[in-house]
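Please open the model in your viewer and keep the sequence beside it, since this tour moves from one selection to the next. The stops concern aromatic rings and their surroundings.

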Amino acid sequence: MALELSASNFEEEVLKSAQPVLVDFWAPWCGPCRSMSPIIEELSGEFAGRAKVVKVNVDENRDLAARFGVMSIPTLVFFKDGRVVDQIVGFTPKGVLAKKLESLL
């Protein structure tokens, strides 16, 4: 299951991670976000031990969303070595996300 992050554990789980991280910025009221949810969960399982796949609720973590320039959701941000390396906005097929994560390994 994809880990839910907040400001209290974001730095430890994402910025200090030795593994690449995909962060799904989402909200419960967002239709495309709900459509992405099963994909995020599947990727979390498939990449376990190799990359992290985590979620950030933008309603509960407005500062984090603002810090990473999230204007619309879902926004999927890829981190490697504590830095943003890519960002995708909107519903994205699983294959596209898996390929991007593979490229960061």
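Two rings of Phe, Tyr or Trp, the six-membered ring being used for Trp, are taken as a pair if their centres lie within 6.5 Å. The model in front of you is predicted, and a search of the whole structure finds four aromatic pairs in it.

Begin by selecting Phe10 and Phe68, whose ring centres are 5.3 Å apart and whose planes meet at 40 degrees, so that this pair is tilted. Phe10 belongs to helix H1, residues 7-15, while Phe68 sits in the loop between helix H3 (62-67) and strand E4 (75-80), so the pair ties together parts that are 58 residues apart in sequence. If you colour by accessibility, Phe10 counts as buried at 1% relative accessibility, and Phe68, at 14%, counts as buried too.

Keep Phe68 selected and add Phe79, with which Phe68 forms an edge-to-face pair, 5.2 Å from centre to centre and with 85 degrees between the planes. This pair also links distant parts of the chain, since Phe68 is in the loop between H3 and E4 and Phe79 is in strand E4, eleven residues apart. Like Phe68, Phe79 is buried.

Which residues should now be shown together as one aromatic cluster? Select Phe10, Phe25, Phe68 and Phe79, which form that cluster.

For the last stop, turn to Trp26 and Lys55, where you will find Lys55 lying over the face of Trp26, at 4.5 Å from the ring centre.

Definitions and conventions
Residues numbered from 1 in each chain as written. Predicted model: local features only at pLDDT ≥ 70, side-chain atom pairs only at ≥ 80, totals over all residues. Heavy atoms only, no water. Phe/Tyr/Trp six-rings, centres within 6.5 Å; stacked < 30°, edge-to-face > 60°. Helix = DSSP H or I, 4+ residues; strand = E, 2+ residues; numbered from the N terminus. Buried < 20%, exposed > 50% of the residue type's maximum accessible area, 1.4 Å probe, protein only. Lys NZ or Arg CZ within 6 Å of the ring centre and 35° of its normal.
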